[in-house]
Amino acid sequence: MTHPANTTPMDREAALQHCFSPATLNGVTLKNRLIKAGTFENMTPGGRPSQRLEDFHCRLADGGVAMTNIGYCAVTGDGRLNENMMYMHEGIRGELSSLIDKLHERDCKVSGQMGHCGGFSKNRELKRKRPLGPNFAVNGLGVGCGMFFADGMTHADIDEMVAQYRDAAGFMKSVGFDSLEIHFGHGYGLCQFISPKTNKRKDEYGGSLENRMRLPLRVLAAVREAVGDDYPITGKISMTEGVRGGISYDDSVEISKLLDKGGIDAIVCSGGTSTMNPMIMFRGDNMLQPMLDNEKSWIMRSILRLAGKSLFRDYPYEDLYFLDQAKRIREAVQCQTIYIGGANGNDNFAELMQAGFDFVQIGRSLLSDPDLPNRSAADIGYRSRCLHCNECVGTIESPQGIHCTRFSL
Ligand SMILES: Cc1cc2nc3c(=O)[nH]c(=O)nc-3n(C[C@H](O)[C@H](O)[C@H](O)COP(=O)(O)O)c2cc1C
Ligand code: SF4
């Protein structure tokens with residue numbers, strides 16, 4: 001299969017010109033091809049968008065990114081990992097639409113990451129007794145606050161979750177988001193269904209890949225129904241979970257084909273799981289120590305001390321660490337593809353454009369250097385100063401919200 005982007009080979013200069021020119025994502029024009037990756041900001045105390053969240057995204061917009069992503073917009077209250085995450089409901093319409101307006105005034109588009117934690121939660125405001133996953137399981141995240149287990153979802157629970165995605169999508173479009181990103185990866189709710197490691201169901205939602213994709217594809221169809229055909233929906237997947245018996249690189253090609261057939265506009269080719277193997281998602285310095293330094297629960301600290309070395313494995317950093325696998329996805333689908341993982345500057349952007357990716361998502365390099373897009377557009381040799389020390393990941397529960405610990409902005 002020849003992807004349209006593959007038909008005209010580009011030299012480096014042309015590739016960079018391509019990167020810094022406007023591009024379209026299902027009818028929405030982005031001023032360049034650089035998108036801020038979803039990073040749960042922890043700037044929504046009590047579940048409400050704060051001034052800090054607005055300042056954070058406005059700073060990124062001023063740095064020239066074409067679209068910023070507001071991380072972890074839970075589709076329902078019980079879909080939150082903790083009670084300081086936002087969930088999509090009328091009570092936050094005013095703050096959310098005002099934030100989005102400010103970003104639009106800065107010529108920055110806004111995407112929202114639609115998430116549901118499934119059976120992995122420490123949300124003290126959980127309405128149910130236990131979080132819900134594909135089946136009864138240990139709730140690794142909840143152990144520190146006495147929420148030891150997750151229950152399995154009934155068919156009625158599955159229907160309810162589909163409806164929650166549909167309602168949240170309608171709300172998010174109406175509030176002003178330009179695009180929605182469904183989280184199919186990183187070990188969260190939908191990923192728990194896709195993964196043979198976590199999905200042990202015996203009904204039509206478990207077993208074969210086709211069955212394990214049934215709920216994610218129903219969610220995609222429901223979100224599409226809510227937003228219409230001419231509105232961008234992207235999906236972030238884990239190309240591998242990095243654990244034996246979990247999603248493999250080969251599986252992810254098939255997963256992507258199914259999402260493509262299901263009508264997704266673009267696939268974000270990520271990897272790893274927050275629950276079982278987070279380091280494969282990030283690479284670089286091991287984040288066990290930063291996580292220990294920031295963990296408030298003594299039970300979780302003890303667990304991390306005991307199990308941390310097997311959970312946080314060492315993966316040395318290299319630029320574009322998902323490139324080879326992401327290329328396989330790009331070759332396999334007709335929809336657009338978005339590269340993520342270790343893109344730091346013009347050398348990387350040029351290589352990604354030459355490889356035919358439509359957009360590039362950037363996480364840490366923008367946290368350390370929000371001006372990266374503008375600086376890269378002005379200086380062909382520019383590269384972000386991010387050290388991939390991963391200390392920012394440890395700040396995910398900091399009262400200040402996430403931030404780069406090495407460089408002040
Ligand atoms: C502080 C922090 C928080 C993150 N939170 C999320 C999140 O909420 N959802 C998500 O899909 N990925 C999250 N990520 C992962 C990033 O989206 C991205 O996959 C990862 O940082 C690798 O890309 P990079 O090399 O450009 O940083 C987070 C990353 C960081 C550094
Ligand atoms: S703390 Fe700063 S330098 Fe270190 S990985 Fe995060 S953004 Fe990069």
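Is Asn390 buried or exposed? In this predicted model, Asn390 has 24 C-beta neighbours inside 10 Å and therefore counts as buried. The threshold for that class is 20 or more such neighbours. Asn390 sits in the loop that joins α15 (372–378) to α16. Its backbone is also worth a look: phi of Asn390 is near 65°, a positive value in a residue other than glycine. Most residues other than glycine have a negative phi.

Arg283 makes a useful companion to Asn390. Arg283 is not a glycine either, and its phi is positive, at about 60°. This residue, too, is in a loop, the one between α9 and α10 (288–294). Its surroundings put Arg283 in another class: because it has 19 C-beta neighbours inside 10 Å, it counts as partly exposed.

The next stop is ligand 2. Around ligand 2 there are 13 residues, and those that come nearest are Ser368, Cys386, Cys389, Cys392 and Cys404. Two elements, α14 (364–368) and α16 (391–394), give two or more residues to this shell. The largest share, three residues, comes from α14. By class, the shell around ligand 2 holds six nonpolar, four polar and three charged residues.

Ligand 1 has 25 residues around it, with Ala37, Thr39, Phe40, Gly363 and Arg364 coming nearest. At least two residues of its shell are supplied by each of β4 (67–74), α9 (279–282), α14 and α16. Helices α14 and α16 thus appear in the shell around ligand 1 and also in the shell around ligand 2. The shell around ligand 1 divides into twelve nonpolar, eleven polar and two charged residues.

From the ligands, the path goes to the packing of helices. Helix α1 (residues 12–19) packs against helix α13 (residues 346–354) with the axes 8 Å apart and an angle of about 90°. That angle makes α1 roughly perpendicular to α13. On the α1 side the contact involves Arg12, Ala15, Leu16, His18 and Cys19, which meet Asn346, Phe349, Ala350, Met353 and Gln354 of α13. Six of the residues in this contact are nonpolar, three are polar and one is charged.

Helices α8 (residues 249–261) and α12 (residues 323–332) are arranged at an angle of about 30°, and their axes are 9 Å apart. Why does this pair count as roughly parallel? Angles under 35 degrees fall in that class, and so α8 is roughly parallel to α12. The crossing of these two helices is right-handed. Tyr249, Ser252, Val253, Ser256 and Lys257 of α8 make the contact with Gln325, Arg328, Ile329 and Ala332 of α12. The contact of α8 with α12 contains four nonpolar, three polar and two charged residues.

A third pair is formed by helix α4 (residues 155–175) and helix α7 (residues 214–227), whose axes come within 8 Å and cross at roughly 35°. Here again the crossing is right-handed. From α4, the contact takes in Ile158, Val162, Tyr165, Arg166, Ala169, Gly170 and Lys173; from α7, it takes in Leu215, Arg218, Val219, Ala222, Val223, Glu225, Ala226 and Val227. The class counts for this contact are ten nonpolar, one polar and four charged residues.

Some residues of this helix pair lead on to a strand. Leu180 lies in strand β9 (residues 179–183). Beyond residues up to four places away in sequence, Leu180 touches Ser111, Gly112, Met114, Ala169, Met172, Val223, Val227 and Ile233. Among them, Ala169 belongs to the α4 side of the helix contact, while Val223 and Val227 belong to the α7 side. Leu180 and Val223 are 43 residues apart in sequence, and their C-alpha atoms are 8.9 Å apart in space. Leu180 counts as buried because it has 25 C-beta neighbours inside 10 Å.

The last residue on the route is Leu132, in strand β6 (residues 132–133). Leu132 has 26 C-beta neighbours inside 10 Å and so is classed as buried. Leaving aside residues up to four places away in sequence, its contacts are Gly118, Gly119, Ala150, Asp151, Met153 and Asp157. Gly71 is 61 residues from Leu132 along the chain, and the C-alpha atoms of the two are separated by 21 Å.

Methods:
Residues are numbered from 1 along each chain as its sequence is written. Chains are lettered from A and ligands numbered from 1 in the order in which they are written. This is a predicted model: local features need pLDDT of at least 70, side-chain atom pairs count only at pLDDT 80 or more; totals for chains, interfaces and linings use all residues. Helices (H or I, at least four residues) and strands (E, at least two) are DSSP runs, numbered from the N terminus. A residue is buried if 20 or more other C-beta atoms lie within 10 Å of its own, exposed if 12 or fewer, and partly exposed in between; C-beta atoms are placed from the backbone. Two residues are in contact if their C-beta atoms, placed from the backbone, lie within 7 Å. A residue is near a molecule or strand if its C-beta atom, placed from the backbone, lies within 6 Å of it. Ala, Val, Leu, Ile, Met, Phe, Trp, Tyr, Cys and Pro count as nonpolar, Asp, Glu, Lys and Arg as charged, and the others, Gly among them, as polar. Axes are lines fitted to C-alpha atoms, for helices over the stretch in contact, and angles run from 0 to 180 degrees between N-to-C directions. Angles under 35 degrees count as roughly parallel, over 145 as roughly antiparallel, 65 to 115 as roughly perpendicular and the rest as oblique. A crossing is left-handed if the near helix is turned anticlockwise from the far one by less than a right angle, and right-handed if clockwise.
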